[in-house]
Amino acid sequence: MKITYTHELPANKKGDALVIGVYEGLKNLTKEEVTQLKSLNFSGKLGEVVTVPSTENFKTLIYVGLGKKTELKTDVVRLAAAKGIKSAKRIKAKKVVFELFGADKLKEKAAKALAEGIVLGNYSFNKYKSKEEEKFELEKVTVAGEKEYKKDFESGYVLAEAANFTRDIVNEPGNVVTPEKLAEIAKELSEKYGFKCKVFKEKELEKNKMFGILTVGKGSKNPPRFIHITYKPKNPKKKIAIVGKGVTFDSGGLNIKPEQFMKTMKSDKAGACAVLGIMKAVGELKPDVEIHALIPTVENMPGGKAYRPDDIIVYKNGKSVEIHSTDAEGRLILADALIYGSELEPDVMIDMATLTGACVVALGHYTSGLFTNDDKLANTFLKLSAETGEKMWRMPLDEDLKEDIKGAYSDLQNVGKTRYGGAITAALFLQNFVDFEKVKSWAHIDIAGPAFLNKEWKYYSPGATGQPVRTVVEYIVLEN
Ligand code: BES
Ligand code: ZN
Ligand code: ZN
């Protein structure tokens, strides 16, 4: 799909469909339009969409509801734009024009959100479908709006494309995207944008004492990797490390998952893929911030060499961990990455991971858990997340729960003594591997809920969402 922004009025454009945003109460429409829309039960409520045949420049007019004008926000524009593009796809329109809606209230933010809504809403993962009719793609989308908002539209486009890049990798199954393949994707991306990219294979993993990655990786025929991408501008104002959990498939290992929980575990690499998506946006936007992208990647399988409950790992920072469940593997590989990340002495280190089912129990499927030692960072993220629609909620690093992950024969155990507070004990576990003498602020985002959805939600189709790419990129740009 080609997408362009123009300041020409839609009336001068021709195409298969024109998408028009309408507030509740159907203001600013002609009498005929109001009568017609009312007869179609369209009242402009958020989420409503109708198609009306037309004989003028466009074959079809698509009206999308924006809800009450007083309640308009960026996420409403995204959702309405997505409804419009999905409707255009359904009627197999090839050339579609959008009139920029919401700019009367949100100004430049509307242009950005509209781009995001169109690009995110247009996404589908259909490369493995063999029937042509299941692969229909729009040819050309034109958005008509004020000249001054073109930049904003383009930045929204970059953010959404980065999220879709992430979705494309997450949606690939475990037989296609192995740790090795993930490393290849990282290398290709780095080549395209001129980043430095190091990939550690077994030998280098040993040399760097990355025993978490090596241990979890043992049960699979697909060997583990550690990926380090560096983006270094001339005069960086800050140094940020981003870390993503890259379990290309989580069977649970010897503590094997029951079937209803194993299905969709191709998505256990969503944190890693988000890091790659963020780097794509960094390559496009070139902020004045030094970024280190760190990805520990393994396949968690129960092969003959697999690690087992009772095993003890001694980490590079001296901490020992006994294994209580091979299914709590994410924290084990992230530990290596957080130690490595600390050594880079970044101002801020942010990890993102589909870490715990407990986080989904706590917050539901649509909200990520945000853990951080830095109140200011927490507030920045919560504010950004409210704007991007990638919902986050701050969770506590409750000191009293530290007792729960104290090991019997070692410093730590990889699972809490009870199930209660499972997302928190996982975060507390990670905290042990951040060296706070070298890193000022650390944030951990548990994306187990929102990274991958089983049903359509907002602008997302079922499958990977690309969260939290847009929020983290906004954060990086802000630090710029
Ligand atoms: N990858 C899972 C967490 C997960 C669950 C992600 C649901 C996405 C959706 C993680 O490795 C895991 O299995 N965690 C266990 C931890 C437990 C053994 C302490 C869990 O959440 O059950
Ligand atoms: Zn697991
Ligand atoms: Zn996992």
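Here's a short tour of a predicted model, with a stop at a metal site and another at a pair of helices.

**Stop 1: the zinc site**

Start by selecting the zinc ion (ligand 3) and the side chains that hold it: K245 (through NZ), D250 (OD), D268 (OD) and E329 (OE), with coordination distances of 2.0 to 2.4 Å. The ion has 6 donor atoms, and the angles among them run from 78 to 175°, making the site octahedral. For reference, ideal angles for six octahedral donors are 90 or 180 degrees.

Now add the zinc ion (ligand 2) to your selection. It sits 3.2 Å from the zinc ion (ligand 3), and D250 coordinates both. Color K245 and E329 next: K245 is in the loop between β9 (238-244) and β10 (246-250), while E329 is in the loop between β13 (320-322) and α11 (330-343), so this pair ties together parts that are 84 residues apart in sequence. Turn on a surface if you like; K245 and E329 are both buried.

If you'd rather follow the site along the chain, the donors of the zinc ion (ligand 3) are spaced K-x4-D-x17-D-x60-E.

**Stop 2: two helices side by side**

Hide the metals and select α6 (residues 179-193) with α10 (residues 270-285). Their axes come within 10 Å and cross at roughly 10°, so the two helices are roughly parallel to each other.

To see what fills the contact, show L182, I185, A186, L189, K192 and Y193 on α6, then A272, C273, L276, M279, K280, G283 and E284 on α10. Color by residue type and you get 9 nonpolar, 1 polar and 3 charged residues in this contact.

Terms used. Residues numbered from 1 in each chain as written. Chains lettered and ligands numbered in written order. Predicted model: local features only at pLDDT ≥ 70, side-chain atom pairs only at ≥ 80, totals over all residues. Heavy atoms only, no water. Axes fitted to C-alpha atoms, helices over the stretch in contact; angles between N-to-C directions. Helix = DSSP H or I, 4+ residues; strand = E, 2+ residues; numbered from the N terminus. Parallel < 35°, antiparallel > 145°, perpendicular 65-115°, else oblique. Contact = heavy atoms within 4.5 Å. Nonpolar A, V, L, I, M, F, W, Y, C, P; charged D, E, K, R; others polar. Donors = N, O, S within 2.8 Å, 3.2 Å for Na, K, Ca; no water. Tetrahedral: all angles 85-135°; square planar, octahedral: opposite > 155°, others 65-115°. Buried < 20%, exposed > 50% of the residue type's maximum accessible area, 1.4 Å probe, protein only.
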